[in-house]
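Here are a few exercises to work through with the model open in your viewer. Try each task before you read its solution.

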Amino acid sequence: MKIWLAARFACAVLMAALSVQPVSAGELRGGGKLLLTGGVSSVEGAAGGGLATWAVIAGDETDAGVGGSVHATYVALPDFDLTSYGGAIGFRNRIELSYTHQSFDTRAAGAALGLGRGFTFAQDVFGAKIRLVGDAVYDQDRLLPQISVGVQHKRADKGPIIAAVGGRQSRGTDFYVAATKVILSKSMVVNGTVRFTKANQFGLLGFGGDKKDAYRPQFEGSAGLLLSRRLLVGAEYRTKPDNLGFAKENGTYDVFAAWAVARHVRLTAAYVDLGDIATVKRQRGAFLSIQGNF
């Protein structure tokens, strides 16, 4: 997807979000959740951080209603661009359904890799998450975090290329369990997720490979500090499988700031390091995302 299309979608997100009137000026609760405690849209569409999926359910609503979010994200790297857009809906703070389309532009690196300049990989990510126990915010009187389990089914669009580089499948499903706790007395958010996956580069390069073709647990960790009711800063780290023989895959991390511009609009900016991608070294750059919530 071209950058201008992501920008148009971001504008649509902003206009849609601004069209929803807040309950009252300065109020922290509209749908019921405290600002930013529901996380932001992850790169795969589920509620969480930028890289990690959290146990929280998308949207601002509690168990009294239905909430949701839409987002547009752009990751600018030295040799590649990643764009994504999608939405998620949360039912009574119990079940979340999400969809995201990702597009990965190889730009000039595509020619160097023999694919052609501007060659683009894409995939669709369909997600479902269910909260099992706990409430990340309102269970302040006990240590139990909010614990959720989920699946993400991914369909990449370049099957022949994936097979040529050693990938075993162009479609695959991740399974995860996540635990998230908001510690209001410390203004902190902490999360840990274990993901069982065979995905190469989040699934854009397929699943499994000539080196490994089995589900292995991967870790996603996040820690954030609420500097104010509208500003969350933190960091994340995520491990990934290393399945393909032609290029080693690295873990990733980011340092982020999420800002609740208004009750229904959030902006996320981050410095992100995705490591080496398809033999191209040191892919470090900027992560920008706009999100509309209700």
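**Exercise 1. Find the loop that holds Ser187, then check its backbone and exposure.**

Step 1: Ser187 sits in the loop between strand 8 (171-183) and strand 9 (188-197); strands here are DSSP runs of E with at least two residues, numbered from the N terminus.

Step 2: a quick bit of bookkeeping. This is a predicted model, where local features need pLDDT of at least 70 and side-chain atom pairs count only at pLDDT 80 or more, while totals for chains, interfaces and linings use all residues. Residues are numbered from 1 along each chain as its sequence is written, and side-chain values use heavy atoms, with hydrogens and water left out.

Step 3: look at the backbone. Most residues other than glycine have a negative phi. Ser187 is not a glycine, yet its phi is positive, about 55°.

Step 4: Ser187 has a relative accessible area of 28%, so it counts as partly exposed (buried is under 20%, exposed over 50%, partly exposed in between, with a 1.4 Å probe and protein chains only).

**Exercise 2. Is Phe202 buried or exposed?**

Step 1: Phe202 lies in the loop between strand 9 and strand 10 (216-228).

Step 2: its phi is also positive, about 65°, and Phe202 is not a glycine either.

Step 3: the relative accessible area of Phe202 is 8%, so this residue is buried.

**Exercise 3. Work out what Phe104 touches and where it belongs.**

Step 1: leaving out residues up to four places away in sequence, Phe104 touches Phe80, Asp81, Leu82, Phe119, Thr120, Phe121, Leu204 and Ile277 (contact means heavy atoms within 4.5 Å).

Step 2: the largest nonpolar core has 39 residues, and Phe104 and Ile277 are among those touching the most other members. Such a core is a set of buried Ala, Val, Leu, Ile, Met, Phe, Trp, Tyr and Cys residues joined through side-chain atoms within 4.5 Å.

Step 3: strand 12 (252-262) gives this core its largest share from a strand or other element, three residues.

**Exercise 4. What classes of residue line the largest pocket?**

Step 1: the lining has 17 residues, with Phe104, Phe121, Leu205, Ile277 and Ala278 nearest the centre. On a 1 Å grid over the protein atoms alone, a pocket is an open set of points with protein on both sides within 12 Å along at least five of seven lines, and lining residues have an atom within 4 Å of a point.

Step 2: 15 of the lining residues are nonpolar, two are polar and none is charged (Ala, Val, Leu, Ile, Met, Phe, Trp, Tyr, Cys and Pro count as nonpolar, Asp, Glu, Lys and Arg as charged, the others, Gly among them, as polar).

Note on methods: Helices (H or I, at least four residues) and strands (E, at least two) are DSSP runs, numbered from the N terminus. On a 1 Å grid over the protein atoms alone, a cavity is a set of points where a 1.4 Å probe fits but cannot get out, and a pocket is an open set with protein on both sides within 12 Å along at least five of seven lines; lining residues have an atom within 4 Å of a point.
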